[in-house]
Amino acid sequence: MPAGQRGQVQDRETLRDSAQRIGVDVESIGNGRQTGGKCKIQVESGYCDKLGSHSESTHLSPLTEKEQQTLKKKGVDGQRLACAASIQ
């Protein structure tokens, strides 16, 4: 989510659904099916003093096979699909 946006994440809720629920628009043409690739996100690691939170890619669910296939097809490396990734 963009820096400064806060909200509760539901258990097993995708980042796309969490973001949309709190009013952050995430472009998504695949409608959550992990096929469109428009909802790709860059996960940044580090500590944010302003929010008092620490972020790591290991905090997300593992890549699914379908997500990997879509990212590879789109020529994307090092990103995730917001419709597939959820906080663990």
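**Exercise 1. Decide whether aspartate 11 is buried or exposed in this predicted model, then find its salt-bridge partner.**

Step 1. Aspartate 11 has a relative accessible area of 66%. The cut-off for exposed is over 50%, so aspartate 11 counts as exposed.

Step 2. Its partner is arginine 12, with the closest N and O atoms 3.9 Å apart. A salt bridge needs such atoms within 4 Å, so this pair qualifies.

Step 3. Now check the partner: arginine 12 is exposed too, at 72%.

**Exercise 2. Which residue forms a salt bridge with arginine 21, and how is each side chain placed?**

Step 1. Arginine 21 meets glutamate 13, at 2.7 Å from N to O.

Step 2. Glutamate 13 has a relative accessible area of 13%. Buried means under 20%, so glutamate 13 is buried.

Step 3. Arginine 21, at 40%, is partly exposed.

**Exercise 3. Which elements are linked by the salt bridge of arginine 80 and glutamate 67?**

Step 1. The two side chains meet at 2.8 Å, N to O.

Step 2. Arginine 80 sits in strand S4 and glutamate 67 in helix H2, so distant parts of the chain, 13 residues apart, are linked.

Step 3. Both residues are buried.

Step 4. How confident is the predictor about strand S4? Among the elements of the protein, strand S4 (residues 80-81) has the highest mean pLDDT, 95.

**Exercise 4. Find the lysines that join Lys73 in a positive surface patch.**

Step 1. Start from helix H2 (residues 65-73), which holds lysine 73.

Step 2. Lysine 73 is exposed, with a relative accessible area of 71%. Patch members need over 30%, so lysine 73 passes that cut-off.

Step 3. The patch is completed by Lys38, Lys40 and Lys74.

Technical notes. Residues numbered from 1 in each chain as written. Predicted model: local features only at pLDDT ≥ 70, side-chain atom pairs only at ≥ 80, totals over all residues. Heavy atoms only, no water. Patch = residues over 30% accessible without salt bridge, like charges linked within 9 Å, V, L, I, M, F, W, Y side chains within 5 Å. Areas by Shrake-Rupley, 256 points an atom, 1.4 Å probe, with all protein chains shown as cover. Lys, Arg positive; Asp, Glu negative; His and termini not counted. Charge placed at Lys NZ, Arg CZ, Asp CG, Glu CD. Helix = DSSP H or I, 4+ residues; strand = E, 2+ residues; numbered from the N terminus. Buried < 20%, exposed > 50% of the residue type's maximum accessible area, 1.4 Å probe, protein only. pLDDT = per-residue confidence, 0-100.
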